[in-house]
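This report goes through one structure part by part. Please look at the sequence and the model before reading on.

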Amino acid sequence: MTLPPLTPEDIQRYHRHLIIPEVGSTGQRKLKAAKVLLIGAGGLGSPAALYLAAAGVGTIGLVDFDVVDVSNLQRQILHSTSWLGKSKVESGKARIGDLNPLVNVVGYEEPLTSENAIRIFEQYDIIVNGCDNFPTRYLANDASVFLEKPLVDGSIFRFEGQATVYLPGKGCYRCLYPDPPPPGAVPSCAEAGVLGVLPGFVGVVQAIETVKLILEIGESINGRLLLFDALEMRIREVRVRRDPECKVCGEHPTVTQLIDYEEFCGVPHRESSVEAPVPVAV
Amino acid sequence: MAVEVRIPPLVQRVTGGARSLNASGVTVNELLADLDRQFPGFSKEIRDDSGQVHRFVNIYVNDEDVRFLNKLDTPVKDGDVVSILPAMAGGAA
């Protein structure tokens, strides 16, 4: 692939990168050529989007169909009070455009589904997962496996976070968790709460791993699940192995195309769910 | 012999809020049984009605998933750390 040249504006803006031997002009041109898709412009997507944009990732895709709610602003630093009630994708585009107008931001104001995932994913080099639910987690995994895209995964719960990178042929989310929990067994952050600063840490870990993949430097967190405990301020890690019996990436895969992930996870279909107003906790 | 077992947030409701506990036993199964004796209801948090550990709950001895070792019969020794890691949904949209 021919890398795009750096403009005088690039050279000024990315000076602190250009003077690092491991990045340099070639690295910055790799960043400029890179296309990264963020699933979710929320807690994890916010810091990831801001740092990837600041670092000069040339194209950033944002998938999110939500609007900015006041309860998001405790942690979703991509959005601001002046954007309440407006689209997160538009809010994200405006914020990123202000931070770094050299970045091309592509918005997808739609839920990620089995119908659109392949079409969206295939336009990107790396997928960064900041979704908040199991159906999307399995969908993002399977689509990444089928398209052989690296998936930079992160998740958070109260004071604890996890992050890893799944690389093609080296294991996937289903190797770690073959089956989803039954509905209600594992509460979401909306149900159980999350320390507002926590996604800042995990989303930045995802951004760092994404930049390392683009620059092809360092040691990827692939094969290791990072476990972050904010209360004890401890980081541990466990191994992630490719499961030869994995239904998606194993020796004899039985899932070879995208499925109905809401049915797989036993949750009601989005189309059929009634958009009842959620009572606000006092 | 004592092995440290790391307790995930959702299970902490049956361990009196303890995030880490010492348990006795020479296999993972024995550690879990010991914790169930210390904290009634512990097993129900991680096992289904037939007694199998939930598929969305992974157990590690140090950094290795017991599925790739000897499953619940994986031996443990003094100084090992056992982690119980249920799948996490979020994200925080």
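## A partly exposed residue in chain B

Asn29(B) counts as partly exposed because 17 other C-beta atoms lie within 10 Å of its own, while 20 or more would make a residue buried and 12 or fewer exposed. The model is a predicted one.

Asn29(B) belongs to helix H1 of chain B, which covers residues 28-38. Once neighbours within four places in sequence are set aside, Asn29(B) has contacts with Leu72(B) and Asp73(B). Arg19(B) is ten residues away from Asn29(B) along the chain, and the C-alpha atoms of the two are 19 Å apart.

## The sheet of chain A

Chain A contains an open sheet of eight strands with mixed pairing, in the order E3-E2-E1-E4-E5-E6-E7-E8. Strand E3 (104-108) and strand E8 (234-239) of chain A are its edges, each paired on one side only. On average, and ignoring direction, neighbouring strands in this sheet are turned by 15 degrees against each other.

Within the sheet, strand E5 (residues 151-157) and strand E6 (residues 160-166) of chain A are joined by seven bridges in the antiparallel sense. Asp153(A) has Thr164(A) of E6(A) opposite it.

## Helices on the sheet

Helix H7 of chain A, residues 134-147, lies across strand E1 (35-39), strand E4 (126-129), E5 and E6 of chain A. The angle between H7(A) and E4(A) is about 165 degrees.

Helix H10 of chain A, residues 198-215, also packs on the sheet, where it touches E1, E4, E5, E6 and strand E7 (224-229) of chain A. The direction of H10(A) makes about 170 degrees with that of E5(A).

## The nonpolar core

In soluble globular proteins, nonpolar side chains tend to be buried together. The largest nonpolar core here has 101 residues. Val36(A), Leu38(A), Ala49(A), Ile60(A) and Ile127(A) have the most contacts inside this core. H10(A) contributes the most to this core, with eight residues.

Apart from residues up to four places away in sequence, Leu38(A) touches nine residues, or in full: Gly45(A), Ala48(A), Ala49(A), Ile60(A), Gly61(A), Leu62(A), Val63(A), Val128(A) and Gly130(A).

## Where the chains meet

Between the chains, 19 residues of chain B contact 33 residues of chain A. On the side of chain B that touches chain A, the elements giving two or more residues are strand E3 (57-61), strand E4 (64-65) and strand E5 (81-86) of chain B. By type, the residues on that side of chain B are ten nonpolar, five polar and four charged.

Technical notes:
Residues numbered from 1 in each chain as written. Chains lettered and ligands numbered in written order. Predicted model: local features only at pLDDT ≥ 70, side-chain atom pairs only at ≥ 80, totals over all residues. Pairing = 2+ DSSP bridges. Helix = DSSP H or I, 4+ residues; strand = E, 2+ residues; numbered from the N terminus. Axes fitted to C-alpha atoms, helices over the stretch in contact; angles between N-to-C directions. Contact = placed C-beta atoms within 7 Å. Core = buried A, V, L, I, M, F, W, Y, C linked by C-beta atoms within 7 Å. Nonpolar A, V, L, I, M, F, W, Y, C, P; charged D, E, K, R; others polar.
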